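Let's take a friendly walk through this fold, strand by strand and then core by core. Have the sequence and the model open beside you.

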Amino acid sequence: MKTAHDLVAAAKSHVHELSLAEAEQAIAQADVLVDVREADEFAAGHLAGAVHISRGLLEFKFSADPALQARDLKLVLYCKTSGRAALAARALQEMGYQHVQSIAGGFDAWLGAGKPVVKPQTPSFE
C-alpha cells in the first residue's frame, strides 16, 4: 500500500522542480503562478501575482475556467513545502498541460530565503 510520501515521490519524479534561483525567472515568464495551499494559508501571505486554487479543487478549476484551458500555458505551482504542488503539477501533466513546474521547498523555502511575499492588509476601522 502506498503512502502520501510515496505518491509525492512518484509525482516529483515526473515534475521539474525549480530551485529558488530558477524560480524568479520562471515566475516572470509564467502565464500563471498558482498557490495550491488552503485559503487561510494564502490569506496569511503569498507570492506576488499568485492566484489561489487549492489542491483539492485544482482539476475542477482548470477544467471549468476558459482562461486556464490552453494546454500550452506556462504554469508554476507552489505550496507550503512542495508536496502538494508536486501532486498538483503531476495531475495537470496528466490532464495534458505541457509546461508545468513547481518550486522546490515551496513557500517556506521562498520565505526562508528572504524573498518578497504579499501579506494582505487588515482594514482599520478607527
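Strand β4 is mostly covered, with 4 of its 5 residues buried; buried here means under 20% relative accessible area, while exposed means over 50% and partly exposed lies in between (1.4 Å probe, protein chains only). Helices (H or I, at least four residues) and strands (E, at least two) are DSSP runs numbered from the N terminus. Please keep in mind that this is a predicted model, in which local features need pLDDT of at least 70, side-chain atom pairs count only at pLDDT 80 or more, and totals for chains, interfaces and linings use all residues. Residues are numbered from 1 along each chain as its sequence is written, and side-chain values use heavy atoms, with hydrogens and water left out.

**Strands and their partners**

Which strands pair with each other? The table gives the pairings; two strands count as paired if DSSP finds at least two bridges between them.

| Strand pair | Sense | Bridges | Opposite residues |
|---|---|---|---|
| β2 (residues 32-35) and β4 (residues 74-78) | parallel | 4 bridges | Leu 33 and Val 76 |
| β2 (residues 32-35) and β3 (residues 51-52) | parallel | 2 bridges | Asp 35 and His 52 |
| β4 (residues 74-78) and β5 (residues 99-103) | parallel | 4 bridges | Lys 74 and His 99 |

Asp 35 also has a bridge partner in β4, namely Tyr 78. In a regular strand the side chains alternate between the two faces of the sheet. In β2, Val 32 and Val 34 point one way while Leu 33 and Asp 35 point the other, and all are buried.

Two right-handed β-α-β units link these strands: one is made of β2, helix α3 (residues 39-44) and β3, and the other of β4, α5 and β5. Right-handed means that, with the strands pointing away from the viewer, the path from the first strand over the helix to the second runs clockwise.

**The nonpolar cores**

A nonpolar core is a set of buried Ala, Val, Leu, Ile, Met, Phe, Trp, Tyr and Cys residues joined through side-chain atoms within 4.5 Å. The largest one has 18 residues, and those touching the most other members are Val 34, Val 36, Leu 58, Phe 62, Leu 75, Leu 77 and Leu 92. Elements that each supply at least two residues of this core are β2, α4 (58-64), β4 and α5 (83-94). The largest share, 4 residues, comes from α5. Apart from this core lies another, of 14 residues, among them Ala 26, Leu 33, Ala 50 and Ile 103.

What does Leu 75 touch? Leaving aside residues up to four places away in sequence, Leu 75 touches Val 32, Phe 62, Leu 92, Tyr 97, His 99, Val 100 and Gln 101, where a contact means heavy atoms within 4.5 Å.

**The whole chain**

Stepping back, the chain has 6 helices and 5 strands, in the sequence pattern α-β-α-β-α-β-α-β-α-β-α. Its radius of gyration is 15 Å, close to the 14 Å that the globule rule gives for 126 residues, so the chain is as compact as a globular protein of that length. That radius is taken over C-alpha atoms, and the rule is 2.2 Å times the number of residues to the power 0.38. Buried residues make up 37% of the 126 residues. Among contacts between residues at least 6 apart in sequence, 68% join residues at least 24 apart.
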